[in-house]
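Visitor: I am new to this structure and should like to understand the terms used for it. May I ask how each one is justified?

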Amino acid sequence: MHKVTFIPGDGIGPEVAWAARRCLDATGVSFHWDERMAGEGAIKEFKTPLPEETLQSVRDNRIAIKGPITTPIGTGFRSVNVALRKQLNLFACVRPCRTYAGVRSPFQNVDLIIVRENTEDLYAGIEFATGEPYTQQLIKELKEHSKQPIAADAAISIKPISKSASERIIRFACEYALSHGRKKVTAIHKANIMKFTDGLFMETARRVGREYDGRLAMEDRLVDATCMQLVLKPQDFDVLVLPNLYGDILSDLCAGLIGGLGVAPGANIGDGIAVFEAVHGSAPKYAGLNKVNPIAMILSGVMMLDYLGEHDAAQRLDGAVAAVLREGRQVTYDLKPERNDPSAVGTKEMAEAIIEKMKTVKVRV
Ligand code: NAD
């Protein structure tokens, strides 16, 4: 029996999270679901979109699956999702990008994994607004120290990249690659320009990579060149490890390579703690319509099964997803050639088709 915190989220969250939960239960693996609130519903009851009791449940159970959460305006949260990752120290964001037959995408045979550092970089949100007295003071000091011109009306964002966090994420990516049968890790940076921050990330990747000699190929590449290579020859990549901001951008680029947000799963992982969630957000305009694609959330569930060591169940669920996608009949509107195809099914019906398929499909296809 696995005790898992279940956070339905808001917007389309509850629909896709429940679809995933039904599929996970149908694998036959035994779960005890500890259901907790976050997002808009939680504001009414707890006066915050991220209640402490929800965080505590994840800390206790060490594992959660969550639907997307809207970041409400005016609650003091830059993003509820970022706050959750920070509070639980989920330092690694893992996003596998794999093409499935039946999903329209510009590419075939893409099978790569993005490992994104989650805690620092420009994404840490250390910002200073234009014109504020403190910003002006900062600009004065920065100009003195760097001998570089900075416009007096500039806003400033800080980009911390540490040796310790870089080493932690690169080691994580290498271990993840080894445990998932991968052969190569590519560290992404812009060290030719940002010599100290990205340079540190690159140097750390080279140093840590040497420890994996003979077990993994380690390389590093510039982020701009990588963007071009990804859209020319995505099959050249295996596991990519990136600082936070490049990771954010390239994971959406790679979601595009495999057919979009509807099919892109993810996980945020810390030391012995993990939260599984789709890459997409809460798409409020589709909330409650039983319309959106549950695949990203269901594949996040497949990742959770693997994390729990339930590899057979993971393969059966993944195989059933692949079969339903390949057949292309019982799929949501976004997976049909025409978006208003009347034969498209709802979120719930697609999950049911996958559950039915699991009875006959045994292995990954
Ligand atoms: P979004 O991902 O919610 O939606 C963008 C568009 O993508 C939708 O309008 C829809 O056309 C499409 N889409 C998304 N998921 C889909 C699915 N499962 N099936 C079919 N189509 C789908 O992005 P957004 O509109 O920028 O963000 C809405 C809210 O979600 C914001 O408040 C944002 O902060 C939040 N958000 C949350 C998470 C998370 O919980 N991890 C991630 C991203 C955004």
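**Terms and their grounds**

Guide: Let us begin with a pair of residues: Asp318 and Arg98 are both buried. Please bear in mind that the model is predicted.

Visitor: What makes Asp318 and Arg98 a salt bridge?

Guide: The closest N and O atoms of Asp318 and Arg98 are 2.8 Å apart. A salt bridge requires a side-chain nitrogen of Lys or Arg within 4 Å of a carboxyl oxygen of Asp or Glu, and therefore the name applies. This pair links distant parts of the chain, for Asp318 lies in helix H11 and Arg98 in strand E4, 220 residues apart.

Visitor: Why is His189 called buried?

Guide: The relative accessibility of His189 is 4%. Buried means under 20%, so His189 counts as buried.

Visitor: Where is His189 placed, and which residues is it in contact with?

Guide: His189 belongs to strand E8, which covers residues 184-189. Leaving aside neighbours within four places in sequence, His189 is in contact with Asp198, Met202, Asp220, Arg221, Leu222, Val223 and Tyr246.

Visitor: How do you know that the side chain of His189 reaches the backbone nitrogen of Ala191?

Guide: The distance between the His189 side chain and that nitrogen of Ala191 is 3.0 Å. The cut-off for a polar contact is 3.5 Å, and the pair is therefore within it.

Visitor: What makes Arg36 and Glu53 a salt bridge, and where are the two residues?

Guide: Their side chains meet at 3.3 Å, N to O. The limit is 4 Å, so the pair qualifies. Arg36 is in the loop between strand E2 and helix H2, whereas Glu53 is in helix H3, 17 residues apart.

Visitor: Why is Arg36 described as partly exposed?

Guide: Its relative accessible area is 22%. Partly exposed lies between the 20% limit for buried and the 50% limit for exposed, so the term fits Arg36. Glu53, with 36%, is partly exposed by that reasoning.

Visitor: Why is Lys359 called exposed, and Glu356 partly exposed?

Guide: Lys359 has 56% relative accessibility, and exposed means over 50%, so Lys359 counts as exposed. Glu356 has 48%, and therefore counts as partly exposed. Glu356 and Lys359 form a salt bridge, with the closest N and O atoms 3.0 Å apart.

Visitor: How many salt bridges are found in the whole structure, and which residues are linked in a network?

Guide: A search of the whole structure finds 26 salt bridges. Glu167, Arg171, Arg207 and Glu211 are linked in a network of them.

Conventions
Residues are numbered from 1 along each chain as its sequence is written. This is a predicted model: local features need pLDDT of at least 70, side-chain atom pairs count only at pLDDT 80 or more; totals for chains, interfaces and linings use all residues. Side-chain values use heavy atoms; hydrogens and water are left out. Helices (H or I, at least four residues) and strands (E, at least two) are DSSP runs, numbered from the N terminus. Buried means under 20% relative accessible area, exposed over 50%, partly exposed in between (1.4 Å probe, protein chains only). A polar contact is a pair of N or O atoms within 3.5 Å; within protein, one must be able to donate a hydrogen and the other to accept it, and residues adjacent in sequence count only if both atoms are side-chain atoms. Contact means heavy atoms within 4.5 Å.
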